[in-house]
Amino acid sequence: MSRLNSFYLPPDQWNGPEESVFLEGPEARHLLQVLRTPVGSEVRLFDGQGRDGLFELTEAQRKRALLTPRRVTHHEPPIAGLTLALGWNKATRRGWLLEKSVELRAGGLAFWRARFSQGTPPPVKPSWEEKLVQAAKQCGNPWLPSLHSLSGLEQVVRLGANYDRCFLLWESTDAQELLRPSMLAVGRSLAVVGPEGGMAPEEVSILLNADFVPVSLGASILRWETAALHCLSLAHYGSTRAQS
Ligand code: SAM
């Protein structure tokens with residue numbers, strides 16, 4: 001059976017389980033004008049917060065579509081979720097990493113201003129959220145990672161209080177322990193990744209003093225995006241194994 005086309009409807013625009021909804025804006029344009037979906041067709045709607053459903057296109061207006069629910073599902077929250085606290089870098093590969101974070105079912109991404117960052121992270125951009133939505137349409141993940149823009153390391157440490165375990169991805173040979181999937185398999189984890197310029201010594205001390213566990217990704221010094229992707233893959237493998 002061919003896969004259903006998916007469309008994002010923000011959580012606050014859903015009605016009761018039997019009530020029709022209107023899809024408007026770019027998502028409606030894609031459904032009606034780009035895909036020219038015929039009335040009577042079935043599509044998938046998702047809200048990015050674990051709810052999705054099978055809907056029938058019951059009316060196609062010029063700028064909006066009326067969709068009637070046939071079956072709505074509330075997915076259990078994932079048993080694990082890795083949030084990466086990424087030292088801010090120039091834009092290279094950020095969009096790509098946003099996409100990978102959805103495919104690999106990350107819990108979230110937090111951008112923070114490190115000592116060796118180039119520039120300061122702006123407030124979370126709608127274009128970042130759009131990247132997450134497009135990736136979720138493609139891969140079917142019903143949960144969108146949370147996005148955070150943090151001014152500095154102090155906020156990262158404060159964010160860490162919300163997690164079951166916190167790690168510092170440290171490329172120094174002092175970090176003896178290898179990050180393993182089993183460490184990320186259950187519960188909420190936060191892992192700090194330095195910017196391209198690396199972590200300043202005082203940043204390492206602050207995190208170690210805040211009980212962030214220093215872990216290694218092996219002998220190679222990985223690029224920012226490689227280290228991030230590797231952590232996401234380890235976490236995805238670990239939680240998938242734990243659920244099987
Ligand atoms: N200090 C690095 C150098 O000498 O080129 C630059 C930092 S590296 C490009 C970016 C970040 O990725 C690091 O701060 C660290 O958080 C993470 N990272 C890279 N390789 C790693 C490794 N082998 N083990 C743990 N973390 C690593």
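Is Arg51 buried or exposed? At 15% relative accessibility, Arg51 counts as buried (buried: under 20% relative accessible area; exposed: over 50%; partly exposed in between; 1.4 Å probe, protein chains only).

The model is predicted: local features need pLDDT of at least 70, side-chain atom pairs count only at pLDDT 80 or more, and totals for chains, interfaces and linings use all residues. Residues are numbered from 1 along each chain as its sequence is written, and side-chain values use heavy atoms, with hydrogens and water left out.

**View 1. Residues around the ligand.** The ligand is surrounded by 18 residues (a heavy atom within 4 Å). The closest are Leu169, Glu171, Leu217, Gly218 and Ser220. This shell comprises 11 nonpolar, 5 polar and 2 charged residues (nonpolar: Ala, Val, Leu, Ile, Met, Phe, Trp, Tyr, Cys and Pro; charged: Asp, Glu, Lys and Arg; polar: the others, Gly among them).

**View 2. Polar contacts of the ligand with Leu169, Glu171 and Leu222.** A polar contact here is a pair of N or O atoms within 3.5 Å. An oxygen atom of the ligand lies 2.6 Å from a backbone N or O atom of Leu169. For Glu171, a side-chain N or O atom is 2.6 Å from a ligand nitrogen. A polar backbone atom of Leu222 is 2.9 Å from a nitrogen atom of the ligand.

**View 3. Salt bridges of Asp47 and Glu103.** The count comes to 11 salt bridges (a side-chain nitrogen of Lys or Arg within 4 Å of a carboxyl oxygen of Asp or Glu). Asp47 pairs with Arg51, their closest N and O atoms being 3.1 Å apart. Asp47 is buried, at 3% relative accessible area. Glu103 forms a salt bridge with Lys100, at 2.9 Å from N to O.

Terms used. Polar contact = N/O pair within 3.5 Å; in protein donor to acceptor, adjacent residues only side chain to side chain.
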